[in-house]
Amino acid sequence: MPLRYEGDVFRPPSEANSLILQATIGCSHNRCTFCGMYKRKKFRVRSLEQISSDIALAAAYMPRTRRVFLADGNALTMETNSLLKVLSLLGQAFPNLQRVTLYGNPQDLLEKSSDELLRLKKSGLGMIYLGLESGSAAVLNMVKKGVSPDQVVEGAGKAKEAGVPLSITVINGLAGVEGSEEHAVETARLLIRIDPEYLGLLSLMTVPGTTMYRQFQKGALTALNPWQLLREIRLVVEGLELTNCVFRANHASNYLPLKATLSKEKKELLFALDSIIRKKTPGSLKSELLRGL
Ligand code: SF4
């Protein structure tokens, strides 16, 4: 019998081989102007009985599961004790379990204490995928993210203190041509303050039905072309000084798959971006796409 998934289920690219388990349905925020992922879902936390029954089912079919991703949009919003219970059930069900990850909003981190996050880490929480989207206060405000840059730093600091690695997501092209420079510069500045372990960059895909889609349709925002998107990425990378961060832009939305360990390969990444931007022909982007970086 298959697991009972409710509606469309999303996961980060790096969780392609993980067992996806819905601990919550939808997103408790669900107001970001660019996001259509959970518009059809009313947010709720699934009952421990439902989650436990799915875990038992998965354990019967996939007893060697090593990685689990807790969906949907922000399972971190669950009460800490419930989340601890889910982690404990997963540990009992899967003897080879190596890590459990989930999506979290900055608001979820603000609502948890470092001590709670430490307990979650000790019980198996291996990483939090945190949607930052932009480091610019103006852009965060425009897309209705619901938090300020300072609040993001405060929440992320609790995860740091607890030793829970963060994988931060930023959206390339989010502010349109109009806000591209500020978006890039301020994002790099905020990322320096957070100093995450992982940074994932995806390109904006406007979704019909969202506020942002209408803004682009009406001309209030202008979409970046592939070259402008690459220049924006270059500006972010140029501004970054991070301790030990793995950078990836390998989402299906990205024109050019990129990867680098920023502390060691920033120069090489900038060089690669410059060489493609300098050529500026459709053919050069296509050939880099085929070759990969
Ligand atoms: S917090 Fe994340 S999942 Fe929720 S609406 Fe915003 S982008 Fe979408």
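## Around the ligand

In this predicted model, the ligand is surrounded by C27, N30, R31, C32, F34, C35, M37, Y38, N105, E133 and K145. Sorted by class, this shell holds six nonpolar, two polar and three charged residues. Where does the ligand sit? Its place is in the largest pocket.

One member of the shell, N30, deserves a second look. You can find N30 in the loop between β2 (24-25) and β3 (44-45). Its phi is positive, about 55°, although N30 is not a glycine. N30 counts as partly exposed because its relative accessible area is 23%, which lies between the 20% and 50% cut-offs.

## The pockets and the cavity

Let's turn to the open spaces. The largest pocket has a volume of about 1,200 Å³. It is lined by 47 residues, and those closest to its centre are M37, Y103, T169, L202 and H251. M37 also belongs to the residues around the ligand. Which elements give two or more residues to this lining? They are the strands β5 (99-104), β6 (125-133), β7 (166-172), β8 (198-203) and β9 (246-249). With six residues, β8 gives the most.

The second largest pocket is lined by N172, G173, S203, L204, M205, T206, F216, A223, L224, L229, S253 and Y255. Its volume is about 160 Å³.

There is also a closed space to look for: the count comes to one cavity of 30 Å³ or more. About 50 Å³ of space lies in the largest cavity. Its lining is made up of N172, S203, P226, L229, L230, I233, A249, N254, Y255 and L256. Helix α9 (residues 226-239) gives the most to this lining, with four residues. Some names may look familiar: N172, S203, L229 and Y255 appear in the lining of the second largest pocket and in that of the largest cavity.

Here are the classes of the lining residues, set side by side.

| Space | Nonpolar | Polar | Charged |
|---|---|---|---|
| Largest pocket | 25 residues | 15 residues | seven residues |
| Second largest pocket | seven residues | five residues | no residues |
| Largest cavity | seven residues | three residues | no residues |

## The protein as a whole

Now step back and look at the whole chain. The protein has 11 helices and 10 strands. Why can it be called as compact as a globular protein of its length? Its radius of gyration is 19 Å, close to the 19 Å that the globule rule gives for 293 residues, so the protein is as compact as a globular protein of that length. Along the principal axes, the C-alpha atoms fill a box of roughly 55 × 40 × 40 Å. Of the 293 residues, 51% count as buried.

## A few residues to find

Is D195 buried or exposed? D195 counts as buried because its relative accessibility is 19%, and the cut-off for buried is under 20%. D195 is in the loop between α7 (176-194) and β8, and its phi is near 50°, a positive value in a residue other than glycine.

Q92, by contrast, is exposed, with a relative accessible area of 59%. This residue lies in helix α2 (residues 80-93). The C-alpha atoms of Q92 and I168 are separated by 29 Å, and the two residues are 76 residues apart along the chain.

Finally, follow the backbone from A71 to D72, where the peptide bond is cis, with omega near 0°. D72 is in the loop between β4 (67-71) and α2.

Notes. Residues numbered from 1 in each chain as written. Predicted model: local features only at pLDDT ≥ 70, side-chain atom pairs only at ≥ 80, totals over all residues. Heavy atoms only, no water. Near = heavy atom within 4 Å. 1 Å grid on protein atoms, 1.4 Å probe; cavity = no way out; pocket = protein on both sides within 12 Å on 5 of 7 lines; lining within 4 Å. Sits in = over half its atoms within 2 Å of the grid points. Nonpolar A, V, L, I, M, F, W, Y, C, P; charged D, E, K, R; others polar. Points joined across faces, edges and corners; volume = space filled by probe spheres on them. Rg over C-alpha atoms; globule rule 2.2 N^0.38 Å. Buried < 20%, exposed > 50% of the residue type's maximum accessible area, 1.4 Å probe, protein only.
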